[in-house]
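Colleague: Hey, got a minute to walk me through this model? I'd like to know what touches what.

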Amino acid sequence: MKAPGYGKPIDVRQAEAIKVYHDYCDIFYEYLDSIDGQELIRLFDDKYPNSGLTDVKKLDFILWVDV
């Protein structure tokens with residue numbers, strides 16, 4: 001996935017950015033629903049049982065914590 005280039009008209013860039021965003025969301029939710037994604041959520045819940053975070057936010061936190 002790559003952000004659209006600056007040399008394109010704004011409407012084309014916007015459409016490309018929206019497509020990239022939707023592609024990212026598809027991959028993110030597919031992973032969240034996978035066995036590996038569910039295992040990460042289980043491990044997070046074991047360590048932080050009362051976090052109050054949604055599964056989406058838990059996965060987001062896990063993916064970005066080492067960045």
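Modeller: Sure, let's start with one helix pair: Tyr 24, Phe 28, Tyr 29, Tyr 31 and Leu 32 in α1 meet Asp 55, Val 56, Leu 59, Asp 60, Leu 63 and Trp 64 in α3. Contact here means heavy atoms within 4.5 Å. By class, that contact of α1 with α3 has nine nonpolar, no polar and two charged residues. For the classes, Ala, Val, Leu, Ile, Met, Phe, Trp, Tyr, Cys and Pro count as nonpolar, Asp, Glu, Lys and Arg as charged, and the others, Gly among them, as polar.

Colleague: Before we go on, what sort of model is this?

Modeller: It's a predicted model: local features need pLDDT of at least 70, side-chain atom pairs count only at pLDDT 80 or more, and totals for chains, interfaces and linings use all residues. Residues are numbered from 1 along each chain as its sequence is written, and side-chain values use heavy atoms, with hydrogens and water left out.

Colleague: Fine. At what angle do the axes of α1 and α3 cross?

Modeller: Roughly 100°, and the axes of α1 and α3 come within 11 Å. That makes α1 roughly perpendicular to α3. The label covers 65 to 115 degrees; under 35 counts as roughly parallel, over 145 as roughly antiparallel and the rest as oblique. Axes are lines fitted to C-alpha atoms, for helices over the stretch in contact, and angles run from 0 to 180 degrees between N-to-C directions.

Colleague: And how many residues does α1 have?

Modeller: Helix α1 covers residues 10–33, so 24 residues, and reaches 34 Å from its first C-alpha to its last, close to the 34 Å expected at 1.5 Å a residue. The expected span is 1.5 Å times one less than the number of residues. Helices (H or I, at least four residues) and strands (E, at least two) are DSSP runs, numbered from the N terminus.

Colleague: Which residues in α1 are buried?

Modeller: Cys 25, Phe 28 and Leu 32 are buried in α1. Buried means under 20% relative accessible area, exposed over 50%, partly exposed in between (1.4 Å probe, protein chains only). What covers the buried residues of α1 includes α2 and α3.

Colleague: OK, α1 and α2 then. How do their axes cross?

Modeller: At roughly 70°, with the axes coming within 4 Å. That makes α1 roughly perpendicular to α2. On the α1 side you have Tyr 31, Leu 32 and Asp 33, and on the α2 side Ile 35, Asp 36, Gly 37, Gln 38, Leu 40 and Ile 41. By class, this contact has five nonpolar, two polar and two charged residues.

Colleague: What about α2 against α3, at what angle do they cross?

Modeller: Roughly 90°, and their axes come within 10 Å. So α2 is roughly perpendicular to α3. The contact is made by Leu 40, Ile 41, Phe 44 and Asp 45 of α2 and Asp 55, Lys 58, Leu 59, Phe 61 and Ile 62 of α3. That contact has six nonpolar, no polar and three charged residues.

Colleague: Lys 58 caught my eye. Buried or exposed?

Modeller: Lys 58 counts as buried, because its relative accessibility is 6%. Lys 58 sits in helix α3, residues 55–64.

Colleague: Huh. What does its side chain pair with?

Modeller: The side chains of Lys 58 and Asp 45 are joined by a polar contact of 2.4 Å. A polar contact is a pair of N or O atoms within 3.5 Å; within protein, one must be able to donate a hydrogen and the other to accept it, and residues adjacent in sequence count only if both atoms are side-chain atoms. Not counting residues up to four places away in sequence, Lys 58 touches Ile 41, Phe 44, Asp 45, Ser 51 and Leu 53.

Colleague: And Phe 44, where's that?

Modeller: Phe 44 is in helix α2, residues 35–47. Phe 44 counts as buried at 8% relative accessibility. The C-alpha atoms of Phe 44 and Lys 58 are separated by 7.2 Å, at 14 residues apart along the chain.

Colleague: Last one: where's Leu 53?

Modeller: Leu 53 is in the loop between α2 and α3. At 36% relative accessibility, Leu 53 counts as partly exposed.
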